[in-house]
Amino acid sequence: MNRIPAAALGLGLAGLIPFLWGALTLVLPALGQWGMSTLGPRFVGPYVQLAYGSVILAFMSGVLWGFATKTDGPVAATGYALSVIPALWAFLFTGGGPVSAAMYLMIGFVGVLGLDWLFWKQGLAPAWWMQLRVLLTVVVVACLAVGVL
């Protein structure tokens with residue numbers, strides 16, 4: 001096993017905060033009310049998760065694009081084409097109601113994990129990449145599932 005660099009792990013875990021916060025405000029109604037009155041409705045429950053989740057899928061497109069730049073020819077062209085899928089997915093499929101949007105985000109994050117694996121398998125992602133991505137994806141999907149259930 002390759003050790004995940006501390007900065008990558010710390011920032012990756014910090015990136016979970018909006019997903020965890022959104023799930024907590026759904027599970028704990030008093031916290032949700034406090035958050036709504038203090039931060040506004042956009043920053044609680046599924047709303048924070050869906051908005052942030054869409055941003056993160058677009059961010060992951062950029063990460064994958066960066067991996068594609070490490071190669072050339074047909075492999076790079078395929079990598080570039082695959083790298084835009086998460087951003088397009090978020091754009092096209094998260095405009096419905098909160099339950100369907102969360103379900104589509106869950107599918108999107110699992111799909112990104114598959115793309116991560118493809119790039120990693122080709123040696124374009126760091127050796128520790130999948131350890132980090134599996135951890136983060138499991139937490140994100142679990143948090144989004146709170147809104148679906």
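The paragraphs below look at aromatic rings and then at two helices in a predicted model.

The model holds 10 aromatic pairs. One of them joins Trp21 and Trp34, whose ring centres lie 6.2 Å apart with an angle of 80° between the planes, an arrangement classed as edge-to-face. This pair links distant parts of the chain, since Trp21 belongs to helix 2 (residues 17-27) while Trp34 belongs to helix 3 (residues 29-39), 13 residues apart. Trp34 has a relative accessible area of 45%, and because values between 20% and 50% count as partly exposed, Trp34 is described as partly exposed.

Another pair is made by Trp128 and Trp129, with ring centres 5.8 Å apart and planes at 55°, so this pair is tilted. Both Trp128 and Trp129 are buried, and together with Phe67 and Phe119 they form one aromatic cluster.

Two members of that cluster, Phe67 and Trp129, also appear where helix 4 meets helix 8. The axes of helix 4 (residues 45-68) and helix 8 (residues 129-148) come within 12 Å and cross at roughly 160°. Because angles over 145 degrees count as roughly antiparallel, helix 4 and helix 8 are roughly antiparallel to each other, and their crossing is left-handed.

Which residues in helix 4 meet helix 8? On the side of helix 4 they are Gln49, Met60, Val63 and Phe67, and these meet Trp129, Arg133, Cys143 and Leu144 in helix 8. Sorted by class, the contact between the two helices has six nonpolar residues, one polar residue and one charged residue.

Notes:
Residues numbered from 1 in each chain as written. Predicted model: local features only at pLDDT ≥ 70, side-chain atom pairs only at ≥ 80, totals over all residues. Heavy atoms only, no water. Phe/Tyr/Trp six-rings, centres within 6.5 Å; stacked < 30°, edge-to-face > 60°. Helix = DSSP H or I, 4+ residues; strand = E, 2+ residues; numbered from the N terminus. Buried < 20%, exposed > 50% of the residue type's maximum accessible area, 1.4 Å probe, protein only. Axes fitted to C-alpha atoms, helices over the stretch in contact; angles between N-to-C directions. Parallel < 35°, antiparallel > 145°, perpendicular 65-115°, else oblique. Left-handed = near helix turned anticlockwise from the far one by under 90°. Contact = heavy atoms within 4.5 Å. Nonpolar A, V, L, I, M, F, W, Y, C, P; charged D, E, K, R; others polar.
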